[in-house]
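Open the model in your viewer and keep the selection tool at hand. We will walk through it one stop at a time.

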Amino acid sequence: MKIPNGLQPLIDDGVIDQVLRPLKSGKEASVYVVRSGDHIRCAKVYKDMAQRSFQQRVQYQEGRKVRGSREARAMGKSTKFGRKEAEAAWKNAEVDALYLLNDAGVRVPRPYGYFNGVLLMELVTDEDGHSAPRLGEVDLDADTARAWHRFLMQQVARMLCVGLIHGDLSEYNVLVGPDGPVIIDLPQAVSAAGNNNARFMLRRDVGNLTISLARFAPELLDTHYAEEMWALFEQSELHPDTELTGHFTFDERTADVDSVMQSIIDAREEAIIRQQGREAARED
């Protein structure tokens with residue numbers, strides 16, 4: 001096949017030897033099956049994104065570290081330089097996440113390097129060596145659905161243990177390999193501690209997987225893994241080997257609105273008094 005422009009530098013540098021075929025193409029990247037020596041791998045070529053896409057990514061980028069204050073200011077103002085930095089940060093996020101999660105024992109494609117905007121990684125295949133199907137493309141018996149659900153909940157918990165939430169996890173970015181599910185597509189991974197939307201995203205990730213697998217085991221809809229994980233995470237009691245149950249006791253007590261409002265009023269009055277004191281000190 002004709003060699004895509006993004007992959008030609010890798011061939012020139014001897015990183016890969018041959019582009020075999022396209023695997024998939026999306027709005028943000030195209031993935032190709034490539035040969036590197038005796039190994040068959042996949043290469044993810046990221047596409048340049050328009051400014052509109054950056055606006056859609058704001059909730060994911062919150063809490064991510066950047067190289068310096070200049071880059072942070074430029075990204076915040078969405079200047080040309082800032083958009084370029086945001087583009088690089090978006091691509092690097094998946095690379096960093098893959099290495100971090102692979103080291104933490106999360107079942108993700110093994111990364112083999114990042115070259116000129118191209119991520120080289122493990123090609124996930126089925127038992128016959130063909131490209132692995134997505135979770136939403138396979139039919140399961142109830143026992144397998146329950147087992148995979150437990151496994152995926154543990155994977156999500158392991159991710160949370162190293163401070164990451166996938167942010168867009170569903171049956172469409174979980175592949176089914178010979179040893180079970182493999183989590184893919186991580187450019188939008190968010191910081192669990194630094195992103196105000198982290199809890200919501202965790203619940204959405206867990207909910208998407210649960211709804212998908214509940215097609216084969218409906219009782220999974222009665223589990224509450226996201227709430228259990230988050231409560232343990234907030235208390236610094238979530239560990240990679242934590243035995244999750246899926247049970248969670250919700251706080252159903254009626255909120256004392258009057259007390260909350262009085263606390264707000266007290267805090268406001270205290271702030272006014274302090275401001276008046278500062279003004280009086282300046283006059284003196």
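Here is a tour that goes from the whole chain to a few chosen places.

**The whole protein.** Start with a cartoon view, and keep in mind that this is a predicted model. You should find nine helices and nine strands. Of the 284 residues, 41% count as buried. Switch on the surface next: the accessible area comes to about 16,300 Å², and carbon and sulfur atoms hold 49% of it. Then think about how the chain comes back to itself. Among contacts between residues at least 6 apart in sequence, 59% link residues at least 24 apart.

**The largest nonpolar core.** Now select Leu135, Ile165, Leu202 and Met229. Within the largest nonpolar core, which has 52 residues, these four touch the most other members. Color helix H6 (residues 142-161) too, since the largest share of this core, eight residues, comes from there. A second, separate core has eleven residues, including Val15, Val19, Val34 and Ala43. As background, nonpolar side chains in soluble globular proteins tend to be buried together.

**Around Ile165.** Zoom in on Ile165 and show what surrounds it. Leaving out residues up to four places away in sequence, Ile165 touches Met159, Leu160, Ala189, Val190, Ala192, Ala198, Met201, Leu202, Asp205 and Trp230.

**Helix H7.** Several of those neighbors lead to the next stop. Select residues 198-213, which make up helix H7. How far apart are its end C-alpha atoms? They are 23 Å apart, which agrees with the 22 Å that 16 residues should span at 1.5 Å a residue. Highlight the buried positions of H7: Ala198, Met201, Leu202, Asp205, Val206, Leu209, Thr210, Ser212 and Leu213. Gly207 is also in H7, but it counts as partly exposed because its relative accessibility is 23%. Draw a distance from the C-alpha atom of Gly207 to that of Tyr225: the two residues are 18 apart along the chain, and the atoms are separated by 8.9 Å.

**His149.** Go back to helix H6 and select His149, which is found there. Is this histidine buried or exposed? His149 counts as buried, because its relative accessibility is 1%. Beyond its neighbors within four places in sequence, His149 is in contact with Leu209, Thr210, Leu213, Leu220, Thr223 and Tyr225. Leu209, Thr210 and Leu213 are among the buried residues of H7 that you highlighted a moment ago.

**Two hairpins.** Select strand E4 (residues 111-115) and strand E5 (residues 118-122), an antiparallel pair joined by four bridges. Pro111 has Met121 of E5 as its bridge partner. Two residues lie between the strands of this hairpin, where Asn116 takes a positive phi near 50°. Next, move to strand E7 (residues 174-177) and strand E8 (residues 180-183), which run antiparallel and are also joined by four bridges. This hairpin connects E7 to E8 through two residues, and Gly177 stands opposite Gly180 in E8.

**The cysteines.** For the last stop, select Cys42 and Cys161. How many disulfides does the structure hold? The count is zero. Cys42 is buried because its relative accessibility is 5%, whereas Cys161 is partly exposed because its value is 28%.

Terms used:
Residues are numbered from 1 along each chain as its sequence is written. This is a predicted model: local features need pLDDT of at least 70, side-chain atom pairs count only at pLDDT 80 or more; totals for chains, interfaces and linings use all residues. Side-chain values use heavy atoms; hydrogens and water are left out. A disulfide is a pair of cysteine sulfur atoms within 2.5 Å. Buried means under 20% relative accessible area, exposed over 50%, partly exposed in between (1.4 Å probe, protein chains only). The expected span of a helix is 1.5 Å times one less than its number of residues. A nonpolar core is a set of buried Ala, Val, Leu, Ile, Met, Phe, Trp, Tyr and Cys residues joined through side-chain atoms within 4.5 Å. Contact means heavy atoms within 4.5 Å. Two strands pair if DSSP finds at least two bridges between them. Accessible areas come from the Shrake-Rupley method with a 1.4 Å probe; for residues, only the protein chains shown count as cover.
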